[in-house]
Amino acid sequence: MLVGAGVTAVVGTFLPLYAEGPAREDRLPSITVTSWEYVFSNLPAGMEFAPVRSPQYGVPIVVSAVLLAVAAALVFLPESQRLAARYLAIGGTGVLVGSVWAVVAVVVSMVGNAARPEVGGFAVHVGEGVSVLGASVLLAVAGVVLVHARRREPRPEGPVVYRVDGDEVDDDTDTPPFGIPVVEVAQLPDSGYERRADGS
């Protein structure tokens, strides 16, 4: 699930986050924004713009995807060494949540500005990249929960019999009930002082 979250997040960086253009006609110039670049479309004949770099929202998202992939690989370690996977899963999910939060904040700001009357004339359409990034966050959170889920302790199959004796005397001394065996200490002979105190 962590690998799926990372792959979904990386795919979401290449999808449109939002598109901004005139609200009345679809054939007028518009701008589509991804996590990597601004793409201009419907430009007049003879006018061309190369894609312009956006604020590179995709960099921390890709970093979080790498962290999630490494955490997923470390899950297959023995239980005693699996703590690193849990920390990496939390860290990668935290970076992903923060990055997607920043992207959503920008998109909400653009939609809010387009709705203001004084800015009128432009419309902002939310792209599918926001939905895909949101789905990656949900997958990452579910993956962290699964990584931290308590593993069922293995139990031996069938009945467990420690020792079966007939009429023999129980001489079980390998594991005393309280952790240490009790040894009877030999008593020391009475001293002369105690005999004088008794008047003998």
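Let's start with one pair of residues in this predicted model: Y38 has V52 as its bridge partner, and V52 lies in strand β4. From this pair we can work outward to the sheet, then to the helix packed on it, and finally to the surface.

Y38 falls within β3, which spans residues 37-41 and pairs with β4 in the antiparallel sense over two bridges. Moving to the other neighbour of β3, we meet β2, residues 30-33, and here the antiparallel pairing runs over four bridges. One of the residue pairs to look for is I31 with F40, its bridge partner in β3. If you trace the chain from β2 into β3, you will find three residues between the two strands, which together form a hairpin.

Now step back to take in the whole sheet. In what order do the five strands lie? The order is β4-β3-β2-β1-β5, in an open sheet with antiparallel pairing. Strands β4 (52-53) and β5 (122-126) stand at the edges, and each has a single partner strand, so one side of each is left without a neighbour in the sheet.

Which helix packs on this sheet? It is α3, residues 83-114, which touches β1 (18-22) and β5, and its direction makes about 150° with that of β5. Two residues of α3 are worth a visit.

V111 is one residue of this helix. Apart from neighbours within four places in sequence, V111 is in contact with V124 and V126, and both of these valines fall in the β5 range of 122-126. V111 and A19 are 92 residues apart along the chain, yet their C-alpha atoms are separated by 9.9 Å. Is V111 buried or partly exposed? Its relative accessible area is 32%, so V111 counts as partly exposed.

T93, also found in α3, gives us another view. Because its relative accessibility is 8%, T93 counts as buried. With residues up to four places away in sequence set aside, T93 touches L68, A140, V141 and V144. A140, V141 and V144 lie within the span of helix α4, residues 128-147, so here you can follow a link from α3 to another helix.Helix α4 also leads us out to the surface, by way of L146, which has its place there. Together with M1 and L139, L146 makes a nonpolar surface patch of about 270 Å². Across the protein, about 14300 Å² is exposed, with carbon and sulfur atoms supplying 63% of that area. Of the 200 residues, 24% count as buried.

To finish, here is the fold as a whole. The protein has five helices and five strands, and along the sequence they follow the pattern α-β-β-β-β-α-α-β-α-α. Among contacts between residues at least 6 apart in sequence, 55% join residues at least 24 apart.

Definitions and conventions. Residues are numbered from 1 along each chain as its sequence is written. This is a predicted model: local features need pLDDT of at least 70, side-chain atom pairs count only at pLDDT 80 or more; totals for chains, interfaces and linings use all residues. Side-chain values use heavy atoms; hydrogens and water are left out. Two strands pair if DSSP finds at least two bridges between them. Contact means heavy atoms within 4.5 Å. Axes are lines fitted to C-alpha atoms, for helices over the stretch in contact, and angles run from 0 to 180 degrees between N-to-C directions. Buried means under 20% relative accessible area, exposed over 50%, partly exposed in between (1.4 Å probe, protein chains only). Accessible areas come from the Shrake-Rupley method with a 1.4 Å probe; for residues, only the protein chains shown count as cover. Patches are made of residues with over 30% relative accessible area and no salt bridge: like charges are joined within 9 Å, nonpolar side chains (Val, Leu, Ile, Met, Phe, Trp, Tyr) within 5 Å. A salt bridge is a side-chain nitrogen of Lys or Arg within 4 Å of a carboxyl oxygen of Asp or Glu.
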